[in-house]
Amino acid sequence: MKVHVDAWDPSYGRSFEADAGPGGGPAAASSAPVETGVERPAAAWSPLTPAPDARPPRTVLLVDGVRRIDARVWVEDDEGVARPGVCASYAAGVVRCDLAAGVAELGLSGVSHGLFAPGPSVAPLRAHATAVYRPHRVVGDDPSQVDAELQRRLYELEVQVSERARRDATDDEPDLLVVDGPLRGRTALPRALGYAKTHHKQYLDGELTRVVTSLAPSQRTPLFLLGGQWHRYSWYLRLPCAPGSPWSGIVRLECPADWPRPDAVRYADISAVTLPRFASSAYKDPRAPQNLVPIAGLERRLRALLGDPRLLLRGLRSAAARTAA
């Protein structure tokens with residue numbers, strides 16, 4: 001009998017979001033079609049070390065977003081029926097990492113405020129001179145739809161920031177763009193990878209999952225093709241971490257399926273020689289090592305850009321009182 005404590009702080013959930021299976025990873029099987037013989041036959045799967053000529057790019061762009069509930073609200077219609085919603089702030093940004101100079105800086109960012117609730121449309125709430133909560137109507141009375149709409153708006157903002165970051169870049173010095181989460185909606189961006197630090201679904205069978213859990217730090221699995229609503233190449237990578245559960249330090253990356261296969265393999269190797277240097281430490285980050293150091297810094301900066309929550313709550317209460325007057 002072995003017991004493993006998940007490395008993540010319990011307040012952040014856990015590094016896998018399904019009930020733990022026999023290997024300590026996600027137990028909920030994905031219904032997406034999976035082709036495992038992309039880079040090598042499934043019977044020949046084993047941990048892979050990056051090719052000797054794999055080199056990290058000079059510049060890495062990391063994209064992420066944050067969200068915060070500023071107030072719980074009730075939206076009342078003309079018949080006196082009140083429905084619950086939220087006022088939320090959300091932001092997305094890019095941190096630019098110059099690997100040669102050892103410097104990371106905020107490249108660009110965007111901040112939005114919204115009122116998310118079902119029922120009738122309402123006027124925007126001005127909580128502060130620079131914080132206007134614009135209404136986003138939620139379909140249906142299921143409270144989970146409020147959170148889903150907020151997450152959708154945050155994702156749209158992350159896509160916009162990713163596109164702006166790519167427009168600002170030049171091809172004179174190829175970089176690497178890594179977006180936190182799936183690459184959906186950004187597959188047309190050149191040199192872009194999706195980065196999943198939590199595991200919601202089980203994509204591989206038991207034999208191939210054992211290859212994942214046997215990875216050493218900076219090793220990756222062979223590529224596999226994920227189908228479903230959209231297709232992409234994917235692979236698992238283990239970041240440097242202290243010994244722990246079989247899934248400690250495991251992340252999943254993806255790139256567009258319309259890339260030439262040699263390019264997909266090359267960028268899988270590039271990810272394996274680039275991302276491990278950004279792995280966080282447990283004494284610094286409660287989601288170590290998957291929450292990369294530059295991403296943690298970006299999250300702190302973005303949360304500061306959301307505004308003072310106490311000031312915003314006071315402004316929201318005043319704005320709401322005016323609607324009831």
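Let me begin with Arg164, which counts as partly exposed at 33% relative accessibility; partly exposed lies between buried, under 20% relative accessible area, and exposed, over 50%, with a 1.4 Å probe and protein chains only. This is a predicted model, in which local features need pLDDT of at least 70 and side-chain atom pairs count only at pLDDT 80 or more, while totals for chains, interfaces and linings use all residues. Residues are numbered from 1 along each chain as its sequence is written, and side-chain values use heavy atoms, leaving out hydrogens and water.

Arg164 sits in helix α1, residues 143-168; helices (H or I, at least four residues) and strands (E, at least two) are DSSP runs numbered from the N terminus. Its C-alpha lies 9.6 Å from that of Ser109, although the two are 55 residues apart in sequence.

I turn now to salt bridges, defined as a side-chain nitrogen of Lys or Arg within 4 Å of a carboxyl oxygen of Asp or Glu. By this rule there are 18. Helix α1 takes part through Asp147, which pairs with Arg67 at 2.3 Å between the closest N and O atoms. That pair links distant parts of the chain, since Arg67 belongs to strand β2, 80 residues away. Both Asp147, at 38%, and Arg67, at 30%, are partly exposed.

Asp175 and Arg191 offer a further example, with N to O at 3.2 Å. Asp175 lies in the loop between α1 and β7 and Arg191 in the loop between β7 and β8, so parts 16 residues apart in sequence are tied together. Here Asp175 is buried at 6%, and Arg191 is buried at 12%.
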